[in-house]
Amino acid sequence: MFIQMRKITVSEGNAEQVISRFSQKGIIEQQEGFVDLKILEKKVRRGEEKVVVLVTWESEDDLKQWEKSDAHIAGHKAKLNQSKPDYVLNTKSRNITYARSKQMLKNPLGHQNEKQGALPDAARLAFLLLRFL
């Protein structure tokens, strides 16, 4: 599995606009190798808000094929002359390859087996997300 994470930092009160935009169905869902799209919001009391968009692919090659596709390129060309919304303060991306299996993955803290605290795939991903935020 391959996950592309995009963290979007927005000014206070604007996270919902980003969530709404990424919640709309699009052509990405029809692409070969597309698995899932999740949107996470980091709740804050005041100040900047963060939205993380996770797009899961079967492989990195599937993501690359999507990025090279006519539909993806046309979507970006259509927005070429549009300025970024004022409420978007920063965007950061990171790609993660992970093994999806019934086996436990090596714990990010260095433990290597279940008895020493190895984490399952979902827990490892959550750990990486926390570091990303």
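**Close-up views of a predicted model**

**View 1. Strand β1 and its partner in β4.** Let's start with one pair of residues: R6 has S93 as its bridge partner in β4. This is a predicted model, so keep that in mind as you explore each view. Zooming out from R6 and S93, you can follow β1 alongside strand β4 (residues 88-97): the two run antiparallel and are joined by nine bridges.

**View 2. Strand β1 and its partner in β3.** Now look at K7, which stands opposite V52 in β3. The pairing of β1 with strand β3 (residues 49-57) is antiparallel and covers nine bridges. How many of the nine residues of strand β1 are buried? Eight of them are, and the strand, which spans residues 2-10, is mostly covered. As you trace a strand, remember a handy rule: in a regular strand, side chains alternate between the two faces of the sheet.

**View 3. H72 and its surroundings.** Find helix α3, made of residues 70-78, and you will find H72 within it. Is H72 buried or exposed? With a relative accessible area of 18%, H72 is buried, because the limit for that word is under 20%. A polar atom of the H72 side chain lies 3.2 Å from the backbone oxygen of E67. Setting aside neighbours within four places in sequence, H72 is in contact with W66 and E67.

**View 4. A salt bridge between K38 and D36.** The count of salt bridges in this model comes to two, and here is one of them: the side chains of K38 and D36 meet with N and O 2.3 Å apart. K38 is partly exposed, at 42% relative accessible area. D36 also counts as partly exposed, with 25% relative accessibility.

**View 5. A salt bridge within helix α2.** Here E60 forms a salt bridge with K64, and their closest N and O atoms are 3.7 Å apart. Both residues belong to helix α2 (residues 60-68), where they sit four residues apart, about one turn of the helix. At 35% relative accessibility E60 counts as partly exposed, and K64 does too, at 37%.

**View 6. Residues 100-120, a stretch to read with care.** Over residues 100-120, pLDDT stays under 50. The model has 29 contacts beyond four places in sequence for this stretch. Where pLDDT is low, the predicted coordinates should not be read in detail. For the chain, the mean pLDDT is 79, and 73% of its residues reach 70 or more.

Methods
Residues numbered from 1 in each chain as written. Predicted model: local features only at pLDDT ≥ 70, side-chain atom pairs only at ≥ 80, totals over all residues. Heavy atoms only, no water. Buried < 20%, exposed > 50% of the residue type's maximum accessible area, 1.4 Å probe, protein only. Polar contact = N/O pair within 3.5 Å; in protein donor to acceptor, adjacent residues only side chain to side chain. Contact = heavy atoms within 4.5 Å. Salt bridge = Lys/Arg side-chain N within 4 Å of Asp/Glu carboxyl O. pLDDT = per-residue confidence, 0-100. Pairing = 2+ DSSP bridges.
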